[in-house]
Amino acid sequence: MIDYSFPLYRPPAEADNIIIQATYGCSHNRCTFCSMYKTKKYQMRDIKDIYREIDILAKHYPDANKVFLGDGNALSLPTKVLTDLLHCLRQSFPKLSRVSVYATAQNLLEKTEQELNSLRDNGLSLIYFGIETGNDVLLKKINKGVTSKQMIEALYKASNANIKISVTVILGLGGEVYSNEHIRDTAIIINATRINYLSTLQLGLEEGVKERFYQHFDEFTMSDDVQILKEQKQLLHLLNPVNKVIFRSNHASNALHLSGTLTKDTERLIGELETALIIGERAFVPSWFRGF
Ligand code: SF4
């Protein structure tokens with residue numbers, strides 16, 4: 001029905017929702033740990049093709065209420081294009097209650113407050129944003145292209161526009177050497193901003209990116225599951241977000257699945273982590289069952 005360009009990625013929370021590729025690939029595409037769009041050249045799609053797909057999807061799923069705009073960072077599109085697209089979605093799906101995109105800090109910083117407000121008013125309600133780490137040394141090593149200060153500024157722009165924010169953090173990203181700084185500075189970003197959802201993933205490097213990732217470190221020792229869960233525990237200890245944050249650690253990469261609301265459930269989550277650490281491997285999701 002829809003001629004998707006593969007590989008096609010979407011956040012786990014969008015599994016049952018309409019997916020429309022507004023762009024192909026990622027406009028940054030330089031993060032050293034990420035292999036998602038390495039086989040794709042970033043491009044805006046022909047708007048007529050997108051409208052044609054919306055038309056087809058609306059006929060098949062007239063009651064759909066949530067749409068995710070792919071690929072890697074549809075917020076990279078010019079505001080006018082996105083606004084027209086949002087308008088078309090509203091016309092096509094009468095029950096539409098949520099439109100979401102992946103967004104980078106660069107995308108948010110490039111847009112004015114008025115542009116973000118206008119996108120919100122036209123229906124853009126949620127962005128998925130990869131913090132990965134709040135540590136500036138690591139941000140440089142992974143080639144994220146922004147500093148922690150810029151990330152905070154970008155996240156503020158989104159929350160000021162009343163756009164909900166779902167962030168990801170990658171446990172193990174600093175290996176053994178940078179573990180403490182990674183967690184400490186990541187907690188600073190989360191506590192300093194007004195995010196709504198937090199997911200923690202575990203670092204996994206596919207063959208195609210390993211060499212480039214390691215090149216930026218003098219030495220890098222991958223953390224094992226026990227070290228990762230200790231990072232998770234340290235992070236939860238340090239988190240004191242301004243508003244209610246829905247926390248999930250249920251990605252395919254995670255050794256232990258956790259979920260709760262911060263800070264209401266922090267104590268329980270730390271308790272679950274401590275129990276798993278005492279039991280050891282038997283309490284973890286088997287490695288053959290996991291992916292990245
Ligand atoms: S911005 Fe996101 S999709 Fe793009 S390269 Fe970095 S991690 Fe991958």
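**Exercise 1. Determine what share of the residues counts as buried in this predicted model, and describe the overall dimensions of the protein.**

*Solution.* Begin with burial: 51% of the 292 residues of the protein count as buried. Next, consider the surface, which comes to about 13,900 Å² of accessible area. Carbon and sulfur atoms account for 50% of that surface. Then turn to secondary structure, where ten helices and ten strands are found. The radius of gyration is 19 Å, close to the 19 Å given by the globule rule for 292 residues, so the protein is as compact as a globular protein of that length. The C-alpha trace spans about 55 × 40 × 35 Å along its principal axes. Finally, examine the contacts with a separation of 6 or more: 78% of them are between residues 24 or more positions apart.

**Exercise 2. Identify the residues with the most contacts inside the largest nonpolar core, and state what lies apart from that core.**

*Solution.* The largest nonpolar core has 79 residues. Within this core, the residues with the most contacts are Phe 33, Leu 69, Phe 129 and Leu 198. Apart from it lies another core, of seven residues, which include Ile 19, Cys 26, Tyr 37 and Leu 126. As background, nonpolar side chains in soluble globular proteins tend to be buried together.

Now take Leu 198 as an example. Beyond four places in sequence, its contacts include Val 167, Val 169 and Ile 190. Further along the chain, Leu 198 also touches Leu 239, Val 245, Ile 246, Phe 247, Arg 248 and Leu 262.

**Exercise 3. List the residues around the ligand and classify them as nonpolar, polar or charged.**

*Solution.* First, collect the residues: Cys 26, Asn 29, Arg 30, Cys 31, Phe 33, Cys 34, Tyr 37, Thr 104 and Lys 144 surround the ligand. Second, sort them: five are nonpolar, two are polar and two are charged. Third, compare this list with the cores. Phe 33 belongs to the largest nonpolar core, while Cys 26 and Tyr 37 belong to the core of seven residues.

**Exercise 4. Locate the cis peptide bonds at Pro 7 and Thr 263, and the positive phi values of Asn 29 and Asn 162.**

*Solution.* The background for this exercise is that most residues other than glycine have a negative phi, and most peptide bonds are trans.

1. Phe 6 and Pro 7 are joined by a cis peptide bond with omega about 0°. Pro 7 is placed in the segment before β1 (18–21).
2. Another cis bond runs from Leu 262 to Thr 263, with omega near 5°. Thr 263 is in the loop between β10 (258–262) and α10 (266–279). Leu 262 also appears among the contacts of Leu 198.
3. Asn 29 has a positive phi, near 50°. Its place is the loop between β2 (23–24) and β3 (43–44), and its relative accessible area of 22% makes it partly exposed. Asn 29 is also one of the residues around the ligand.
4. Asn 162 has a positive phi of about 70° and lies in the loop between α6 (148–160) and β7 (164–171). With 56% relative accessibility, Asn 162 counts as exposed. The cut-off used in this step is that exposed means over 50%.

**Exercise 5. Decide whether Leu 139, Thr 23 and Gly 175 are buried or exposed, and describe the surroundings of each.**

*Solution.* The cut-off needed is that a residue under 20% relative accessible area is buried.

1. Leu 139, in helix α5 (residues 136–141), has a value of 1% and is therefore buried. Outside its neighbours within four places in sequence, Leu 139 contacts residues including Ile 131, Lys 144, Val 146 and Met 151. Of these, Lys 144 is also found around the ligand. Leu 139 and Gly 174 are 35 residues apart in sequence, and their C-alpha atoms are 9.8 Å apart.
2. Thr 23 is in strand β2. Its relative accessibility is 0%, so Thr 23 is buried. Among the residues it touches are Tyr 42, Gln 43, Arg 45, Asp 71 and Leu 77.
3. Gly 175 sits in the loop between β7 and α7 (179–192), and its value of 0% makes it buried as well. Met 222 is 47 residues from Gly 175 along the chain, yet their C-alpha atoms are separated by 5.0 Å. Beyond four places in sequence, Gly 175 touches Phe 220, Thr 221, Ser 223 and Glu 231.

Definitions and conventions. Residues are numbered from 1 along each chain as its sequence is written. This is a predicted model: local features need pLDDT of at least 70, side-chain atom pairs count only at pLDDT 80 or more; totals for chains, interfaces and linings use all residues. Side-chain values use heavy atoms; hydrogens and water are left out. A residue is near a molecule or strand if one of its heavy atoms lies within 4 Å of it. Ala, Val, Leu, Ile, Met, Phe, Trp, Tyr, Cys and Pro count as nonpolar, Asp, Glu, Lys and Arg as charged, and the others, Gly among them, as polar. A nonpolar core is a set of buried Ala, Val, Leu, Ile, Met, Phe, Trp, Tyr and Cys residues joined through side-chain atoms within 4.5 Å. Buried means under 20% relative accessible area, exposed over 50%, partly exposed in between (1.4 Å probe, protein chains only). Contact means heavy atoms within 4.5 Å. Helices (H or I, at least four residues) and strands (E, at least two) are DSSP runs, numbered from the N terminus. The radius of gyration is taken over C-alpha atoms; the globule rule is 2.2 Å times the number of residues to the power 0.38. Accessible areas come from the Shrake-Rupley method with a 1.4 Å probe; for residues, only the protein chains shown count as cover.
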